[in-house]
Amino acid sequence: MVLGKVKSLTISFDCLNDSNIPVYSSGDTVSGRVNLEVTGEIRVKSLKIHARGRAKVRWTESRNAGSNTAYTQNYTEEVEYFNHKDVLLGHERDDDNSEEGLHTLHSGRHEYAFSFELPQIPLATSFEGRHGSVRYWVKAELHRPWLLPVKLKKEFTVFEHIDINTPSLLSPQAGTKEKTLCCWLCTSGPISLSAKIERKGYTPGESIQIFAEIENCSSRIVVPKATIYQTQAFYAKGKMK
C-alpha cells in the first residue's frame, strides 16, 4: 500500500472586521479553520492546535571585568498572557508509533474548525520592537506514525482598547524652550518656542493640533517643524533598556 502525502496545511481565521484582518481584543472569541489537503490516503494520529500570547524581551550588553577580560550579559524576560491547547482530530498522546487509534484521511481537502476565547483580563496590544515583541499566534500540528510532524504557525493581532476619556489623558500638554545661537565670537539673540496641544490622549486617525508661539530675536531664518516620536522601554531582570 502506497501512502499519500500532505500537499498543504493552512490556517484561516474567521475575521470580525471589514478589512479581513484577524484583529481581536480581550474577551473575544477567536475562531477559524485548519485546512488540510492530501494526495492519496494518509493515516493520522492527531491534529492539534496550540494558541499562545506572549511578551518577550531580549538584549545583550558587553561588560568589562578588568585585566583585559570582557564578557556578555544577557537580559531576557517573558510574560505569558494565555496558553490554549485543543485536539481537532485523534487523541492527545502521540509520542509513540502505535498503529492503534489511527484515522484514515482520503485524498482531497479536509477542514477542521477551532474556537477559543481570549482571557477577559486586559491584554497587551500586539507589538514589534527592537529588543522585544508582543505576539499572539495559533500553531497547528499534524502527527502521523513514523513521520515527523507537519507544523504551521500563524499570528493574529490583539488590539487592546484604551479609554482616553480620563483626566490624565484629557489634560493639556505644554512646553517652552529657549536657545541662543553662537557663531565663533558672535552671539545672536535668543530663539524661544512655546507649544501646546489640547490633550494627551488621541485615537488613530485623529488630527493633533499644535499651537505654537515663536519669538526669533536672532538674525537667522527659523522654519518650525513638528515630529512625533515613539518611546520604547524594555524591562528584564530589573533593568530597563
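**View 1. Trp146, an exposed residue in a loop of the predicted model**. Trp146 counts as exposed because its relative accessibility is 63%, and exposed residues are those over 50%. Trp146 sits in the loop that runs between strand E10 (132–143) and E11. The backbone of Trp146 has a phi near 65 degrees, which is a positive value in a residue other than glycine.

**View 2. Lys237, with a positive phi in a loop between two strands**. Strand E15 (235–236) and strand E16 (239–240) are the elements on either side of the loop that holds Lys237. Phi of Lys237 is near 55 degrees, a positive value for a residue that is not glycine. Lys237 has a relative accessibility of 52% and therefore counts as exposed.

**View 3. A nonpolar surface patch made by Ile21, Val23 and Phe159**. The accessible area of Ile21, Val23 and Phe159 together is about 230 Å². Phe159 belongs to the loop between strand E11 (150–158) and helix H1 (167–170). With a relative accessibility of 36%, Phe159 is classed as partly exposed.

**View 4. Domain 1 and domain 2**. Residues 6–158 are assigned to domain 1, and residues 167–240 to domain 2. The centres of the two domains, taken over C-alpha atoms, are 43 Å apart. In the contact region, 14 residues of domain 1 meet seven residues of domain 2. About 820 Å² of area is buried between domain 1 and domain 2, with 70% of this area coming from carbon and sulfur atoms. On the domain 1 side, the residues that lose the most area to domain 2 are Trp59, Tyr75 and Phe127, together 44% of what that side buries.

**View 5. The salt bridge between Glu61 and Lys239**. The interface of domain 1 and domain 2 is crossed by one salt bridge under the rule used. For the pair of Lys239 and Glu61, the closest N and O atoms are 4.0 Å apart. Lys239 is in strand E16 and Glu61 in strand E5, so this salt bridge ties together parts of the chain that are 178 residues apart in sequence. Glu61 is buried, because its relative accessibility is 15% and the class takes values under 20%. Lys239, with a relative accessible area of 28%, is partly exposed.

**View 6. Arg52 paired with Glu80**. The closest N and O atoms in the salt bridge of Arg52 and Glu80 are 2.7 Å apart. Arg52 comes from strand E5 (residues 46–66) and Glu80 from strand E6 (residues 69–90), so the pair ties together parts 28 residues apart in sequence. Arg52 has a relative accessible area of 18% and is buried, whereas Glu80 is partly exposed at 43% relative accessibility.

**View 7. Asp14 paired with Arg33**. The structure holds eleven salt bridges. In one of these, the side chains of Asp14 and Arg33 meet at 2.7 Å, N to O. The pair links distant parts of the chain, 19 residues apart: Asp14 is in the loop between strand E1 (5–13) and strand E2 (23–24), and Arg33 is in strand E3 (residues 29–39). Asp14 is partly exposed, with a relative accessibility of 28%. Arg33 is also classed as partly exposed, its relative accessible area being 29%.

**View 8. Contacts of Gly189 in strand E13**. Strand E13, which contains Gly189, covers residues 186–197. Leaving aside residues up to four places away in sequence, Gly189 touches Leu181, Cys217 and Ser218. The C-alpha atom of Gly189 is 79 Å from that of Lys5, a residue 184 places away along the chain.

Notes. Residues numbered from 1 in each chain as written. Predicted model: local features only at pLDDT ≥ 70, side-chain atom pairs only at ≥ 80, totals over all residues. Heavy atoms only, no water. Patch = residues over 30% accessible without salt bridge, like charges linked within 9 Å, V, L, I, M, F, W, Y side chains within 5 Å. Areas by Shrake-Rupley, 256 points an atom, 1.4 Å probe, with all protein chains shown as cover. Helix = DSSP H or I, 4+ residues; strand = E, 2+ residues; numbered from the N terminus. Buried < 20%, exposed > 50% of the residue type's maximum accessible area, 1.4 Å probe, protein only. Domains from an automatic or database assignment. Contact = heavy atoms within 4.5 Å. Buried area = accessible area lost by both parts, 1.4 Å probe.
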